[in-house]
Amino acid sequence: MSGLSAPVRECVETLDAAELPAYIYDLGALRAHAAAIRAALPDSVELYYAAKANPEPEILRALADLVDGYEVSSGGELAHVAATVPNRPLAFGGPGKSPDELAAAFAHGVHRVHVESIGELRRLAALSTPDEPIGVLLRVNLPLADRTLSGSALAMGGRPTPFGLDPGQAELAAAALARGSFPGLRWHGVHAHLASGLEAADLVAVAESIVDWSIGLAARHGAELAEVNVGGGMNVDYTAPDRRFDWAAYGAGLDRIADARPGLRLRIEPGRALTAYSGWYVTEVLDVKPSHRAEFAIVRGGTHHLRTPAAKGHDQPCSIVPTEHWPYPWPRAATTTERVTVTGQLCTPKDVLAQDVPVSTLRTGDRIAFDLAGAYAWNISHRDFLMHPAPSFHFLRGARTAEGGGE
């Protein structure tokens with residue numbers, strides 16, 4: 001269970017029932033959170049937002065003056081972000097970029113392409129010209145100690161994965177770039193996003209190992225290392241929704257790393273840790289019923305709108321907002337125990353949003369607001385399954401509320 005801010009609770013309570021389910025985003029809270037992150041980072045560290053976490057146009061625009069750029073991971077994201085926040089630096093990552101997507105990178109003038117393989121390097125070079133070189137970072141899958149990965153929620157490196165260049169392949173790519181084999185590409189440094197869900201101390205240690213390896217790579221090939229992008233991966237704790245990643249400790253650690261390596265530009269690209277706390281998925285209870293000594297609350301919508309708990313295997317934290325409106329002549333179904341499992345409308349037992357939710361009482365018609373729904377939620381959901389209506393969208397801007405429709 002968690003709490004709702006006053007403006008979010010007011011919105012939850014006053015939304016017309018016809019607008020449920022709904023996503024509510026508090027843009028003022030998002031901007032305050034992003035500003036606090038920016039303030040915790042040293043000037044030598046650039047802050048990019050990983051748009052894959054939540055590419056809603058209002059979210060992208062709200063962050064525009066608080067981040068140094070955006071990380072995109074497909075041609076679709078590239079076109080969307082470039083159109084929504086024009087003229088902002090873009091870093092184009094992701095494995096398996098198609099020739100059309102690489103061509104789009106040139107067309108949009110992206111700031112950096114994160115090269116994932118020797119083949120991708122060659123395809124990009126074939127599209128380039130020395131007159132208009134494009135900046136590249138080599139994305140490298142570096143080894144990590146098992147101890148470091150043990151705390152991660154998701155590992156993209158440090159073990160066999162399809163992401164980035166194996167260190168041996170990175171040496172070949174660096175050698176080719178350093179000797180000028182690809183005159184249309186300008187090599188600036190290294191990108192390595194190795195794991196997600198780490199705490200500040202572990203992420204600082206990972207960043208330092210990436211930087212040290214990158215310095216060695218450049219030195220072995222007689223190149224100047226200008227940039228290292230150490231990725232994102234800041235932990236968002238779904239079991240403790242009020243807890244926050246220690247940005248102050250992370251910023252201090254990055255400051256120490258940068259101070260010891262003058263002239264090196266560091267870049268980070270958080271997504272989930274930026275926007276998760278500013279979004280809620282709100283719905284109403286359609287039914288409450290017992291089943292084999294357990295109780296279930298079935299809500300309008302489900303994991304086809306909010307896939308996060310199914311994707312990560314957790315219980316989504318939530319707040320119950322009672323409503324006294326009950327227009328029917330029959331009594332409301334209500335819980336009789338102190339724990340209830342909240343499920344959606346899908347015809348699958350996997351459509352579980354939260355298990356063992358503590359309740360004093362929960363009735364049909366009550367509303368539930370699921371917290372931490374501002375990242376990897378609607379945009380990763382299998383929204384067309386069973387063809388239920390899409391949620392409505394609501395963006396809070398202080399005293400003013402901007403409404404947006406569903407798809």
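**Aromatic rings, a helix pair and one leucine**

Ring pairs join Tyr23, Tyr25, Tyr281, Phe370, Trp378, Phe393 and Phe395 into a cluster, and this cluster is a convenient place to begin reading the structure, which is a predicted model. When the whole structure is searched, 13 aromatic pairs are found. Within the cluster, tyrosine 23 and tyrosine 25 have ring centres 5.9 Å apart and ring planes at 5°, and because planes under 30 degrees apart count as stacked, this pair is described as stacked. Tyrosine 23 has a relative accessible area of 0% and is therefore buried, and tyrosine 25, at 2% relative accessibility, counts as buried too.

A second ring pair, formed by tryptophan 326 and tyrosine 328, has an edge-to-face arrangement, with 4.9 Å from centre to centre and 75° between the planes. Here the accessibilities are 23% for tryptophan 326, which therefore counts as partly exposed, and 44% for tyrosine 328, which likewise falls into the partly exposed class; the class is the one that lies between buried, under 20%, and exposed, over 50%.

From the rings we can turn to a pair of helices. Helix H9, covering residues 200-220, packs with helix H10, covering residues 247-259, at an angle of about 20°, and the axes of the two helices are 9 Å apart. Since angles under 35 degrees count as roughly parallel, H9 and H10 are roughly parallel to each other, and their crossing is right-handed. On the H9 side, the residues that take part in the contact are Ala200, Leu203, Val204, Ala207, Glu208 and Val211, and they meet Ala249, Tyr250, Gly253, Leu254, Arg256 and Ile257 of H10. Sorted by character, the residues of this contact comprise nine that are nonpolar, one that is polar and two that are charged.

A last stop is leucine 127, which is found in helix H6, a helix spanning residues 118-127. With a relative accessibility of 38%, leucine 127 counts as partly exposed. If its neighbours within four places in sequence are left aside, leucine 127 is in contact with Pro99, Leu102, Ala103 and Phe106. Looking instead towards glutamate 269, which lies 142 residues away from leucine 127 along the chain, one finds that the C-alpha atoms of these two residues are separated by 27 Å.

Terms used. Residues numbered from 1 in each chain as written. Predicted model: local features only at pLDDT ≥ 70, side-chain atom pairs only at ≥ 80, totals over all residues. Heavy atoms only, no water. Axes fitted to C-alpha atoms, helices over the stretch in contact; angles between N-to-C directions. Helix = DSSP H or I, 4+ residues; strand = E, 2+ residues; numbered from the N terminus. Parallel < 35°, antiparallel > 145°, perpendicular 65-115°, else oblique. Left-handed = near helix turned anticlockwise from the far one by under 90°. Contact = heavy atoms within 4.5 Å. Nonpolar A, V, L, I, M, F, W, Y, C, P; charged D, E, K, R; others polar. Phe/Tyr/Trp six-rings, centres within 6.5 Å; stacked < 30°, edge-to-face > 60°. Buried < 20%, exposed > 50% of the residue type's maximum accessible area, 1.4 Å probe, protein only.
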